[in-house]
Amino acid sequence: MACLVGLPTLVIMPLSRRSLLRLGVGTATGLAAAGVAGCAPGTDEPTPDPTCVSRSSLSGHRSLGDADLIYDISQNRNTFWFDDGFYGQLGRWLDDYRELTGAAKPDQVWTYGSWLDGGPDCDSWHDAGRAFDLSRLVRNGEVQVSARYDIWKDYAEDRRRRFRTRYWALAASLHLHFAYVLTYLYNPTHHNHIHIDNGRSGEQLSTFSTRSTAQVQAVQGMLNHIWDRPVEITGDFDRATAKAARSVLEQTGTDGGLDDGVDQWRAFLRATAARRIKRH
Ligand SMILES: [Zn+2]
């Protein structure tokens with residue numbers, strides 16, 4: 001793959017008071033619990049409440065597939081805790097991402113964390129071990145794709161465009177496998193990672209809801225940055241967004257619109273993830 005870059009300088013993220021409290025509660029988790037504040041479900045789509053669990057009910061992992069799990073703040077390998085079903089889904093997502101995009105196998109997956117101890121305030125799928133904050137995929141010390149919008153947003157235009165294209169291909173593959181995905185468009189908390197959980201989609205691939213601000217924003221990001229269809233980022237499934245998405249589907253050989261069913265939604269996401277191969 002062309003256009004790889006070196007690792008950026010370590011950035012220490014400020015922690016909210018609540019995260020600091022959580023760190024105090026869950027010191028055994030070490031760094032894995034830090035930096036995930038603001039990942040509680042906040043969509044306007046109803047989702048079931050997370051069933052929060054203790055770490056002892058989860059499995060600890062230091063790898064995903066063949067890639068080491070690296071904590072983004074310390075830049076060190078660490079153990080992260082997952083619900084077994086969710087961990088399996090993450091592995092299947094990574095295989096599918098590579099197949100769709102043609103990316104080489106990463107040897108590191110960088111993250112801001114998975115499970116954390118929700119304590120009495122438990123309200124996040126992180127507390128259930130069914131959420132993950134992905135920050136970058138790295139191979140041979142070079143970033144393949146980065147969710148660190150806080151870093152690449154300031155790059156010069158051509159380089160920023162390359163990073164942005166890869167970001168949205170990554171986001172498309174994540175949106176295919178998980179219904180609840182939060183990108184940098186959602187709020188500033190997600191400027192340094194993409195949040196994913198299976199709270200809404202469970203064991204299945206995702207479905208699309210026109211009422212999901214996070215999904216509609218992402219569609220609008222993909223239309224702008226992968227498909228060169230300028231639409232306003234509104235989070236509303238407006239006529240311009242629906243029309244542009246229908247046009248992309250038609251271009252890629254699928255009839256209908258995104259609100260017609262899962263076939264159109266998944267075809268759009270697969271085509272979007274694969275699109276960058278042809279562009280770069
Ligand atoms: Zn999160």
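Contact here means heavy atoms within 4.5 Å. By that rule, and leaving aside neighbours within four places in sequence, Asp259 touches Phe208, Thr210 and Phe237. The model is a predicted one, where local features need pLDDT of at least 70, side-chain atom pairs count only at pLDDT 80 or more, and totals for chains, interfaces and linings use all residues. Residues are numbered from 1 along each chain as its sequence is written, and side-chain values use heavy atoms, with hydrogens and water left out.

On the whole-chain level, there are seven helices and eleven strands; these are DSSP runs numbered from the N terminus, with helices being H or I of at least four residues and strands E of at least two. Of the 280 residues, 52% are buried, where buried means under 20% relative accessible area, exposed over 50% and partly exposed in between (1.4 Å probe, protein chains only). The chain exposes about 11700 Å², and carbon and sulfur atoms supply 46% of that; the areas come from the Shrake-Rupley method with a 1.4 Å probe, and for residues only the protein chains shown count as cover. Take the contacts between residues at least 6 apart in sequence: 64% of them join residues at least 24 apart.

Back to Asp259, which is found in the loop between α6 (239-251) and α7 (262-279). Asp259 counts as partly exposed because its relative accessibility is 48%. Its C-alpha atom is 7.4 Å from that of Ser209, although the two residues are 50 residues apart along the chain.

Now for the rings. Rings of Phe, Tyr and Trp (its six-membered ring) pair if their centres lie within 6.5 Å; planes under 30 degrees apart count as stacked, over 60 as edge-to-face and the rest as tilted. A search of the whole structure turns up 15 aromatic pairs. Two of the contacts of Asp259, Phe208 and Phe237, form one such pair: with centres 5.4 Å apart and planes at 65°, the rings are edge-to-face. Phe208 lies in the loop between β11 (194-197) and α5 (213-225) and Phe237 in the loop between α5 and α6, so the pair ties together parts that are 29 residues apart in sequence. Phe208 is buried at a relative accessible area of 16%, and Phe237 counts as buried at 18%.

Tyr155 and Phe163 are both buried too. Their ring centres are 5.1 Å apart and their planes at 80°, so this pair is edge-to-face. The charged end of Arg159 sits over the ring of Tyr155, 3.8 Å from its centre (the rule asks for NZ of Lys or CZ of Arg within 6 Å of the ring centre and within 35 degrees of the ring normal). Elsewhere, ring pairs link Tyr149, Trp152, Tyr167, Trp168 and Tyr184 into a cluster.

Strand β7 (residues 108-113) is mostly covered, with five of its six residues buried. Strands count as paired if DSSP finds at least two bridges between them. β7 runs parallel to β4 (residues 67-71), joined by four bridges, and Gln108 of β7 is the bridge partner of Asp68. With β8 (residues 131-139), β7 pairs in the antiparallel sense over five bridges; there, Val109 has Leu137 as its bridge partner.

The loop after β7 brings in the one disulfide counted, a disulfide being a pair of cysteine sulfur atoms within 2.5 Å. Cys52 is joined to Cys122, with S to S at 1.3 Å. Cys52 is in the loop between α1 (17-25) and β2 (59-61) and Cys122 in the loop between β7 and β8, 70 residues apart. Cys52 counts as partly exposed at 31% relative accessibility, as does Cys122 at 26%.
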